[in-house]
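Thanks for coming, everyone. I'll walk you through one structure today. Please have a look at it first.

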Amino acid sequence: MNITDDRISFDGVSAQTIAETYGTPTYVYEENRIRANFRRALAAFRKHYADFRFFYAIKCCNNLAIANILRQEGAGIDAASVNEILLAKALGLGGEDVMFSGNFLSDDDIRQGLESGVIFNLDDPSLLPRVLKFGKPECLAFRINPGYGKSEVGHFVTNAGPEAKFGVHPDQVMDAYRAAKDAGITRFGAHMMPGSCIRDPEYFGFITRLIMDLIGRASRELQIEFDFIDLGGGLGIPYKPEDKNAPLDIDAAAAQVATAFKEKIAEYGMKPPRLMMEPARYFVGDAGYIVGRVHTIKDSYSRIIGTDIGMNTLARPAMYGAYHHIYVDGRESEPRRPVGLCGQICENTDFWVKDRPLPEGITLGDLVVVENAGAYGYAMSYPYNGRLRPAEVLVNNGRHWLIRDREEFADLVRKVHVPAHLAPKA
Ligand SMILES: Cc1ncc(COP(=O)(O)O)c(C=O)c1O
């Protein structure tokens, strides 16, 4: 995103053009930024450990146009559900290019996951006999909860540690792999999700040592080798303006991980496994924005600016108390006054910004831009109150493409069936 003479643009496409061409609210993604984010991270990790690969956690932004950018860059896919395995298939990816890390799976999930032939990553040892009922995967991983997790998005987004619902307890790791070996599985992987939006490189070294101790002991005692270790996602981006001068030092994070990894491989005498990670936010988070419009301004107990960007468009602030920075097109150099900002949903959690210094002259019809909306943005949107999901647009060097239609009324009633005795008389 660029601001010149107060006017906002996205890789050469102005916010005005987006609003006039596609309406508001609209999600906008910068292709070149996604590529740059991916390449920076890949170069950092490969520099420190050559046998390295990223799997894109498609849950964070599942538009196939976006996922294809990452596929072109060489990413595999981390799928959280059978439908995400199907999304990967729509990208032309399957087999060992896809990792299925679902949790609390149904028998149907297990059967379809197994039939799809992707890498199976089990969230609990109790799943193993259920998998074996349907067939024996050649290669199997367990998601390990190393007993520690961290999140810069608040405790709601903790993916590991005693409070998390995910992963195999450290005390159960040995028995989990023993049972898999006894069942005749011959190739093994291990996985963890270290936390969310972390900008502290040392944390990645710390957590790598934790999981590698568990894996190293299993490798030694059970005489098994690991094909791969997947250290999950969690690479952070700064959301608040004051954090912008402290982005994650990706080279330092990669060095921390690789140093810990190699040290533990040597300590446990393991054959060096492939190192994998499956970030998402780091690739697309800061490459996505929402363009919305101011529709009503209300001076009541306080001044509230009403836009068409609500908790239905971007759930993170209402869900996690997440911070997103907001810009006003044409007014960024104006003096500011603290105001609130809300969407059009009948919930007070939709009053998602309070006392934020915004340009004083903000008025009806102005365009607002929400920053860092690429990850967990559209993918978590929903059509509550009949406020339908927005459009998605990709920009690249002055060109722009609609990559998902705005929902319309027909989408609200599609798949709904009214029994005859309830239907209004013609
Ligand atoms: C299993 C798994 N892998 C990867 C990710 C991606 O995380 P991030 O966007 O923090 O990199 C998530 C996010 O929730 C996840 O649950």
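Start with a pair of prolines. Proline 338 has proline 357, in β19, as its bridge partner. The model is predicted, so keep that in mind throughout. The strands around that pair are β18, residues 336-342, and β19, residues 353-359. They are antiparallel, with 5 bridges between them. Now go to another partner of β18. That is β16, residues 303-307, and here the pairing is parallel, over 3 bridges. One residue pair to find there: isoleucine 305 sits opposite leucine 341 of β18.

Let's step back to the whole protein. How many helices and strands does it have? There are 12 helices and 22 strands. The radius of gyration is 23 Å, and the globule rule gives 22 Å for 426 residues. Those values are close, so the protein is as compact as a globular protein of that length. Along the principal axes, the C-alpha trace spans about 70 × 60 × 40 Å. Buried residues make up 45% of the 426. Then contacts. Take those between residues at least 6 apart in sequence: 70% of them join residues at least 24 apart.

Next, the barrel. In what order do its strands close? Going round, we have β5-β6-β7-β8-β9-β11-β13-β14, which is 8 strands in parallel pairing. From one strand to the next, the twist averages 25°. Where β5 and β14 meet, residues 52-57 pair with residues 274-277. That pairing is parallel and has 3 bridges. Phenylalanine 52 is bridged to leucine 275 of β14. On the sheet lies helix α7, residues 173-182, touching β9 and β11. The direction of α7 makes about 165° with that of β9.

Now zoom in on β8, residues 119-122. Which way do its residues point? Ile119 and Asn121 go one way, Phe120 and Leu122 go the other, and all of them are buried. On one hand, β8 pairs with β7, residues 98-100, in the parallel sense over 2 bridges. Methionine 99 is opposite isoleucine 119 in that pairing. To get from β7 to β8, the chain passes through helix α5, residues 107-116. This β-α-β crossover is right-handed. β8 also pairs with β9, again in the parallel sense, over 3 bridges. There, leucine 122 faces phenylalanine 142 of β9. Helix α6, residues 127-134, joins β8 and β9 in a β-α-β unit, and that unit is right-handed.

Over to helix α3, residues 64-73. Which of its residues are buried? They are Ile66, Ala67, Ile69 and Leu70. Their arc around the axis is only 150°, so they lie on the same side of α3. What do they pack against? The list is β4, α2, β5, α4 and α10. Straight after α3 comes glycine 74, with a positive phi of about 110°.

Another glycine deserves a stop. Where is glycine 232? It lies in the loop between β13, residues 226-230, and α9, residues 250-268. Is it buried or exposed? A residue with 20 or more C-beta neighbours within 10 Å is buried. Glycine 232 has 27 inside 10 Å, so it counts as buried. Beyond its neighbours within four places in sequence, glycine 232 contacts His191, Met192, Met193, Pro194, Met277 and Glu278. And look across to alanine 57. Along the chain, glycine 232 and alanine 57 are 175 residues apart, yet their C-alpha atoms are separated by 8.9 Å.

Last stop, the open sheet of β1, β2 and β3. Its 3 strands come in the order β1-β2-β3, paired antiparallel. Which strands stand at the edges? β1, residues 2-4, and β3, residues 13-14, do. Each has a single partner strand, so one side of each has no neighbour in the sheet. Between β1 and β2, residues 7-10, there are 3 bridges, and the two strands run antiparallel. Isoleucine 3 is opposite isoleucine 8 of β2.

That's the tour. Thank you.

Notes: Residues numbered from 1 in each chain as written. Predicted model: local features only at pLDDT ≥ 70, side-chain atom pairs only at ≥ 80, totals over all residues. Pairing = 2+ DSSP bridges. Helix = DSSP H or I, 4+ residues; strand = E, 2+ residues; numbered from the N terminus. Axes fitted to C-alpha atoms, helices over the stretch in contact; angles between N-to-C directions. Contact = placed C-beta atoms within 7 Å. Rg over C-alpha atoms; globule rule 2.2 N^0.38 Å. Buried ≥ 20, exposed ≤ 12 C-beta atoms within 10 Å, placed from the backbone. Right-handed = clockwise from strand over helix to strand, strands pointing away. Arc of directions from axis to C-beta.
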